[in-house]
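I opened this model to look up its fold, its core and a handful of side chains. My notes follow in the order I took them.

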Amino acid sequence: MSKARSPAKWRWPQRSKTTGSVRAQLYEHWELVLSDDGSNNASTRDALVAIEGTDPRIRVVRAETNAGISGATNRALEASTGELVAMLDHDDELTADALYWMGRYVERAEHAARVLEVTRQLLLDVREGDPVAAELHWQ
């Protein structure tokens, strides 16, 4: 989640709902990277300091100067360590099963891609008249 300079109406309750929805995930292997884009708001800085030590899966990256939403987002992406990234805005909330279902979708898509690759290779082997290779790819 990136935090670029936001309107004054963006207060801690919104951030708390957002981070709380990540903490409440049924899928527990997540990482939350909060990106502070050079905030000059003391309450924002204090809130980020307060949340930073509450869970080892939550990290805060900070910039000295404002680089806008793209700079804040890029900083968060560079600091992330996972294979997959889900973008979350400061006022978003996830359902408790959101990351679980996203992971399931990715697993299914990866499985489908493997099946398609094996099928493609099998068809190539059959076309080339190589029944042994075809049999090996089928297994």
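Before starting, I fixed what I would call a polar contact: a pair of N or O atoms within 3.5 Å, where within protein one must be able to donate a hydrogen and the other to accept it. I also noted that this is a predicted model.

**Entry 1: Ser43**

I tried that definition on Ser43, which lies in helix α2. I found its side chain in a polar contact with the side chain of Asn41, at 2.6 Å. I looked up exposure as well: Ser43 has a relative accessible area of 39% and is therefore partly exposed, since buried means under 20% and exposed over 50%.

**Entry 2: the rest of α2**

Which residues of α2 are buried? I listed Thr44, Ala47, Leu48 and Ile51. Looking down the axis of α2, I saw that these buried residues fall within an arc of 100°, so they line one face of the helix. The general reason is that an α-helix has 3.6 residues a turn, so residues three or four places apart point the same way. On the face of α2 turned away from the buried side I noted the exposed residues Asp46, Val49 and Ala50.

**Entry 3: overall layout**

I counted five helices and three strands in the chain. Along the sequence I wrote their order down as β-α-β-α-β-α-α-α. The chain has 139 residues, and 31% of them count as buried. For its accessible surface I have about 9300 Å², with 56% of that belonging to carbon and sulfur atoms. I then checked contacts with a separation of 6 or more: residues 24 or more positions apart account for 71% of them.

**Entry 4: the core**

How many residues make up the largest nonpolar core? I recorded 10: Val22, Trp30, Leu32, Leu34, Leu48, Ile51, Ile58, Val60, Leu88 and Leu99. Three elements each supply at least two residues of this core, namely β2 (32-36), α2 (42-52) and β3 (58-62). Leu48 and Ile51 are thus on two of my lists, as buried residues of α2 and as members of the core. I followed Val22 further and, leaving out residues up to four places away in sequence, found that it touches Trp30, Leu32, Leu88 and Leu94.

**Entry 5: two more serines**

Is Ser35 buried or exposed? Ser35, found in strand β2, has 0% relative accessibility and so counts as buried. I saw its side chain reach the backbone oxygen of Ala72 at 2.9 Å.

Ser16 is found in helix α1 (residues 12-23). At 33% relative accessibility, I put Ser16 down as partly exposed. I also took its separation from His90: the two are 74 residues apart in sequence, and their C-alpha atoms are 9.3 Å apart in space.

**Entry 6: aromatic rings**

I searched the whole structure for aromatic pairs and came back with one. It is formed by Tyr100 and Trp101, which I logged as edge-to-face, with 4.9 Å centre to centre and 75° between the planes. The cut-off I needed was that planes over 60 degrees apart count as edge-to-face. Both partners went down as partly exposed: Tyr100 at 32% relative accessibility, and Trp101 with a relative accessible area of 46%.

Definitions and conventions
Residues numbered from 1 in each chain as written. Predicted model: local features only at pLDDT ≥ 70, side-chain atom pairs only at ≥ 80, totals over all residues. Heavy atoms only, no water. Helix = DSSP H or I, 4+ residues; strand = E, 2+ residues; numbered from the N terminus. Buried < 20%, exposed > 50% of the residue type's maximum accessible area, 1.4 Å probe, protein only. Contact = heavy atoms within 4.5 Å. Areas by Shrake-Rupley, 256 points an atom, 1.4 Å probe, with all protein chains shown as cover. Core = buried A, V, L, I, M, F, W, Y, C linked by side-chain atoms within 4.5 Å. Arc of directions from axis to C-beta. Phe/Tyr/Trp six-rings, centres within 6.5 Å; stacked < 30°, edge-to-face > 60°.
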